[in-house]
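User: Could you take a close look at how the charged side chains are placed in this one? I'd like a connected walk-through, with the surroundings included where they help.

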Amino acid sequence: MLHLRQITKRFGLQTVLQGIDLDLRAGEFVSLLGPSGCGKTTLLRLVCGIEAPDHGQVLMQGLDITRWPASQRRFGVVFQSYALFPNMTAMQNVRYGLTDLPRRAAAERADEMLSLVGLIDQAAKYPAQLSGGQQQRVALARALAPSPKLLLLDEPLSALDAQVRQELRAEIRALQQRLGITTLMVTHDQEEALAMSDRVVLLAKGQIAQQGAPRQLYESPASAVVAGFVGRMNWLDGQVIGEGRVRVGTTIVEGDTRLYKTGSVVRLGIRPEALELQPAEGAMIRARIDTLQFQGAVTQVLLRCEALCGAAGGVLTVELPSGAAAALSEGEVRGLRLPPDAVRLFDVPLSMRRAA
């Protein structure tokens with residue numbers, strides 16, 4: 001449905017986007033994920049027509065719309081700040097973009113959209129009389145009212161509290177699937193992107209670092225940059241000493257070394273939920289429990305492990321169901337196992353090489 005070809009954008013001497021190639025299939029929900037300054041909002045503005053690329057094309061079903069103004073593209077857009085008219089009721093805000101319809105048809109369509117987002121009983125209220133979540137639902141209804149081919153969401157949930165954000169992300173996803181509308185969302189919230197998307201596109205320094213299904217990015221990150229941004233990761237420095245074997249600190253860790261020669265310096269990453277605590281007796285690796293952080297259903301266990309991190313010691317994090325963590329206590333020593341299939345090996349980032 002939408003094709004971005006070699007999109008490049010500069011502001012002065014700064015290149016914000018460099019050679020972006022991206023396709024959106026009909027009915028797909030795609031999230032642009034990345035840290036602040038990576039170019040994701042600029043890319044959304046280029047799709048919307050608010051900005052124009054310095055190089056490249058934006059194609060909609062094969063038609064070049066690169067130089068079309070935003071008004072001609074007629075995409076639905078929901079902004080982070082809602083952008084509702086304060087002097088208009090919820091109903092009037094939704095009807096605002098329906099000027100092409102007769103008055104009665106516009107009123108019926110606005111009714112339909114407010115019903116769709118569960119706010120028909122709030123139709124006569126002004127934005128100031130609505131909660132943040134309700135305002136965002138009105139903004140969504142307004143964006144959907146003209147039946148756009150593409151829905152663009154610019155960090156739509158970032159201004160809401162955690163509980164409302166979680167409720168709304170489920171509602172938006174269900175609504176998107178029900179309507180079958182192609183959607184492109186910008187977010188810096190990895191949990192939001194993983195929960196809502198068919199595909200996640202991770203941007204880093206103006207380029208696509210990796211794209212794929214949420215589970216693919218989480219379980220098979222293509223680089224340390226991706227692994228560090230999508231989910232939490234424990235990092236260790238090591239050196240490949242043979243097939244399937246990496247020396248880390250004073251011990252040997254097993255992992256998939258097929259991409260590295262013997263002697264290669266690497267970074268090892270392992271997810272907190274993949275680390276296994278065992279009885280200390282007979283364990284190859286031992287660690288002392290430094291801190292237990294209860295977080296509801298999950299407890300984070302912070303460990304000190306000289307065998308892996310050296311005497312100065314970094315901290316390793318293990319995530320356990322809180323029921324399983326209830327038997328642990330701070331200061332006790334436990335065995336630690338790194339399952340080989342959960343250990344990921346990455347190149348040492350260039351910035352770390354320079355620092356060394």
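Analyst:
**Charged side chains and their surroundings**

Let's start with E319, which counts as buried because its relative accessibility is 15%, and the cut-off for that label is under 20%. Keep in mind that this is a predicted model. The partner of E319 is R232, and their side chains meet in a salt bridge with an N to O distance of 2.8 Å. R232 sits in the loop between α9 (224–229) and β11 (234–242), while E319 belongs to strand β18, so this pair ties together parts that are 87 residues apart in sequence. The two ends don't get the same label: R232, at 47% relative accessibility, is partly exposed, whereas E319 is buried.

Now for the sheet that E319's strand belongs to. It's an open one built from 5 strands, ordered β15-β19-β16-β17-β18 and paired antiparallel. β18 (315–321) is an edge strand, as is β15 (276–278), and each of them pairs on one side only. From one strand to the next, the twist averages 45°. At the β15 end, that strand pairs antiparallel with β19 (residues 333–337) over 3 bridges. L277 has L336 as its bridge partner in β19.

Back to the charges. D237 and R267 also meet through their side chains in a salt bridge, at 3.3 Å from N to O. D237 lies in strand β11 and R267 in strand β14 (residues 265–270), so here the tied parts are 30 residues apart in sequence. This time the acid is the partly exposed end, with D237 at 48% relative accessibility, and R267 is the buried one, with a relative accessible area of 14%.

For a pair with a single label at both ends, try R288 and D290, whose side chains form a salt bridge at 3.7 Å, N to O. R288 counts as partly exposed at 37% relative accessibility, and D290 is partly exposed too, with a relative accessible area of 28%. Elsewhere, K9, R45 and E51 are joined into one network by salt bridges that share partners. The structure holds 18 salt bridges.

R199 is worth a stop as well, although here the contact is with backbone. R199 is part of strand β9 (residues 199–204) and is buried, with a relative accessible area of 9%. Its side chain reaches the backbone oxygen of D23 at 2.5 Å. Setting aside neighbours within four places in sequence, R199 is in contact with residues including L22, L24, R25, E28, F29 and V30, and also with Q211, G212 and P214.

Finally, the nonpolar side of the picture. The largest nonpolar core has 33 residues, and V94, V138, L140, L151 and L153 are those with the most contacts inside it. Elements giving two or more residues to this core are α3 (90–95), α4 (103–116), α5 (132–144), β7 (150–154) and α6 (162–179). Of these, α5 supplies the largest share, with 6 residues. L140 touches V78, V117, L151, L153, I172 and L175, not counting residues up to four places away in sequence. There's a second, separate core of 29 residues as well, with L268, L275, L320 and L328 among its members.

Terms used: Residues are numbered from 1 along each chain as its sequence is written. This is a predicted model: local features need pLDDT of at least 70, side-chain atom pairs count only at pLDDT 80 or more; totals for chains, interfaces and linings use all residues. Side-chain values use heavy atoms; hydrogens and water are left out. A nonpolar core is a set of buried Ala, Val, Leu, Ile, Met, Phe, Trp, Tyr and Cys residues joined through side-chain atoms within 4.5 Å. Buried means under 20% relative accessible area, exposed over 50%, partly exposed in between (1.4 Å probe, protein chains only). Helices (H or I, at least four residues) and strands (E, at least two) are DSSP runs, numbered from the N terminus. Contact means heavy atoms within 4.5 Å. Two strands pair if DSSP finds at least two bridges between them. Axes are lines fitted to C-alpha atoms, for helices over the stretch in contact, and angles run from 0 to 180 degrees between N-to-C directions. A salt bridge is a side-chain nitrogen of Lys or Arg within 4 Å of a carboxyl oxygen of Asp or Glu. A polar contact is a pair of N or O atoms within 3.5 Å; within protein, one must be able to donate a hydrogen and the other to accept it, and residues adjacent in sequence count only if both atoms are side-chain atoms.
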